[in-house]
Amino acid sequence: MSNPRKEKLIEVKNIDIIFGSGKKQFKAVDDVSFDIYKGETFGLVGESGSGKTTIGRAIMRINPVSNGEILFHGQKINGRIPKAWDKEITQKIQMIFQDPGASLNERAKVDYIISEGLISNKRFKSEEERMQKVKDALLEVGLLPEFASRFPHEFSGGQRQRIGIARSLVMEPEFIVADEPISALDVSIRAQVLNLLSNLQEQKNLTYLFIAHDLSIVRFITDRTAVIYKGKIVELGETEKLFNNPLHPYTKALMAAVPEPNPYKERQKTLQVYDPTQHRYEEDPPEFVEIEAGHFVLANKEEQLTYRQQIEKRGSLV
Amino acid sequence: MESTLSIQNLVIKFKLRGQTLTAIRDISLDLYKGESLAIVGESGSGKSVLVKSIMGLLDKNGYIDSGKILYNGHDLAKFKTEKDWLKIRGKQIAMVTQDPMTSLNPLKTVGKQIEESVVLHQNLKGKEAYEKTLQLLRDVGIHEVERRYKQYPHEFSGGMRQRIVIAIAVACNPDVLICDEPTTALDVTIQAQILQLLTNLQQKYGLSTIYITHDLGVVAKVADRIAVMYAGDIIEVGKTDEVFFNAKHPYTWALISSLPQLGEKGEELYSIKGTPPNLFKEIKGDAFAPRNQYALKIDFVERPPFFKVSDTHFARTWLLDLKAPKVEPPKVLQAFFEEGRRYANE
């Protein structure tokens, strides 16, 4: 819901992210804007190469933003910023990576992996305090404190992802970018990690940016979702609304492609392919508009009219 | 029904640092002609080991301890030399692997890679082989085939690369096609296209296919039958709708219940407690028993036999024994089963 009283934690304003220079220039993210409210889980979905990870990395300040700005608590975090603020957001914005096999330093013990952020940010006064923090973080993610003296290869995939989560929790963040945190895990382990993420969110009032390509998981865990296609957000809204009534043809194709665990439904499904040439954007270029409260879509004037009619029709049916 | 491939009482073991690990524990499974069979299980359940043994691709420390793999009058379990395998592998049983990035040679054009397999297995040469390759490229849905023939794998997207891998697999007109997680590395929209392609090719070439996957959505789309594996054993097998909507083994229940589609937003998603058993140790009874809230005493002592649910549906759980107490599947599942029955009646 676009409740104006809700506190905006992250504001992404018209950002472009360009890789390369001169003739080889490539615009990975093109004029993207969205807000993330405090305490919510915001989903970002799209195919590989759509720019979803790039946006996540831009918020983490790993990829520089070419145009536009990103605000955290109303203050700019991209570009040149004061040192103290830089240190503060390094602590408050954390990331959980996709592959827990590759994102943990295999030569370091869990103890060091978890405390690395603490050390580089000098967030402890004594060795006892550091060890206590590591121990607490491990307990919070459902691991034993003894595990601190082991190496990553001694753990299963699910446990490793828990270590990855502990590493970001130890910094006491407010906002976590979770980039495909469970796609490398098995079905039953996925459920455990998803539950862990939701519980932590409740306990610590965390805000998540959840980047994923598995829509069934996005539907389960997120409050609002943005669908991104070739660097542009094509549709954004409350997750349930978006899944029940997608407007943009790309969103529709994406939703239809998600296999459901129901053989009867699956056999009847026909393949929908999104054809980006179906839009007539030469004379009537598209804009990102709020088509109904809290529901944004990328459309030109003509399409907006059709979508409005669709929404009205749906409204009259209810 | 006529079976193409028949696995009988197969036991596969691995030697590792002086210890012996039993990866496959006395499995029997038939692949019927023209069907698509999905083998579902978590990592470590032995599903990949099972199909690797069919292709003769077990790691060096792995061996078939006992049992048979019957195919076309041969017992593949007896094959020793690479020469034996070359008659079967690729020619009659072909495989599509998970990651199209690593299964193609980056230094050869895709055309040459497909042609290699055409020349080797179909005894075609020169122009004929070239024409056949172009035909295969068209079959797997690639446009501008003459231009694409000359390109290297890095010039293709992930989905297109997987199409090339599929073209190589069907180039030899195999009987059996094994797809090991064919779409795990792909996006949902591309996944849907590749699955559609595989289904079409299966009908066109009359293939019998084995899918290995952990994604129950994919299974629902492509499979005629499902075999569920846990800790090296098949614990339930049946037609797709039977296993989905009339599952009998508690592990199958747990697997379906942990799907996010069945979860209630804002509430805990069902998750299986504990971890899979250590395969180095001898497993007594039902391997799932320690994690199973419905486990009976006998589950810890004796391995359950296959109880018959219907002519096509079998499950290895003592809960189906006449003397067992009546146990209802978890609540979430009952609603799911109900929905399935509604669809079945329509």
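**Salt bridges and paired strands in a predicted model**

Mentor: In this predicted model, A:Lys38 and A:Glu174 form a salt bridge, with their closest N and O atoms 3.2 Å apart.

Trainee: Why is the contact between A:Lys38 and A:Glu174 called a salt bridge?

Mentor: The cut-off for a side-chain nitrogen of Lys or Arg and a carboxyl oxygen of Asp or Glu is 4 Å. The closest N and O atoms of A:Lys38 and A:Glu174 are 3.2 Å apart, within that limit, so the pair qualifies.

Trainee: Which parts of chain A does this pair tie together?

Mentor: A:Lys38 lies in the loop between β2 (26-37) and β3 (41-45), and A:Glu174 in the loop between α5 (157-169) and β7 (175-179), so the salt bridge ties together parts 136 residues apart in sequence.

Trainee: What makes A:Glu174 buried?

Mentor: Buried requires a relative accessible area under 20%. A:Glu174 has 16% and therefore counts as buried. A:Lys38, at 28%, is partly exposed, because its value falls between 20% and 50%.

Trainee: How do you know that A:Arg314 and A:Glu292 form a salt bridge?

Mentor: Their closest N and O atoms are 3.1 Å apart, and the limit is 4 Å. A:Arg314 belongs to helix α11 (residues 301-317) of chain A and A:Glu292 to strand β11 (residues 287-292), so this pair ties together parts 22 residues apart in sequence. A:Glu292 is buried, with 17% relative accessibility.

Trainee: What separates B:Arg341 from B:Glu338 along the helix?

Mentor: About one helical turn separates them, because they are three residues apart in helix α11 (residues 331-345) of chain B. Their side chains meet in a salt bridge at 3.4 Å, N to O. B:Arg341 has a relative accessible area of 41% and B:Glu338 one of 45%; both are therefore partly exposed, lying between 20% and 50%.

Trainee: How many salt bridges are found over all chains?

Mentor: The search of the whole structure finds 41. One network of salt bridges links A:Glu260, A:Lys265, A:Glu266, A:Lys269, B:Lys221 and B:Glu339.

Trainee: Why are β1 and β2 of chain B called paired strands?

Mentor: Pairing requires at least two bridges. Ten bridges join β1 (residues 3-16) to β2 (residues 19-32), so these antiparallel strands pair. B:Leu5 stands opposite B:Leu31 in β2(B). The two strands form a hairpin with two residues between them, and B:Arg17 in the turn has a positive phi of about 45°.

Trainee: What makes β1(B) and β4(B) a pair?

Mentor: Eight bridges connect β1(B) with β4 (residues 62-71) in the antiparallel sense, so the requirement of at least two is satisfied. B:Lys13 has B:Tyr63 in β4(B) as its bridge partner.

Note on methods: Residues numbered from 1 in each chain as written. Chains lettered and ligands numbered in written order. Predicted model: local features only at pLDDT ≥ 70, side-chain atom pairs only at ≥ 80, totals over all residues. Heavy atoms only, no water. Helix = DSSP H or I, 4+ residues; strand = E, 2+ residues; numbered from the N terminus. Buried < 20%, exposed > 50% of the residue type's maximum accessible area, 1.4 Å probe, protein only.
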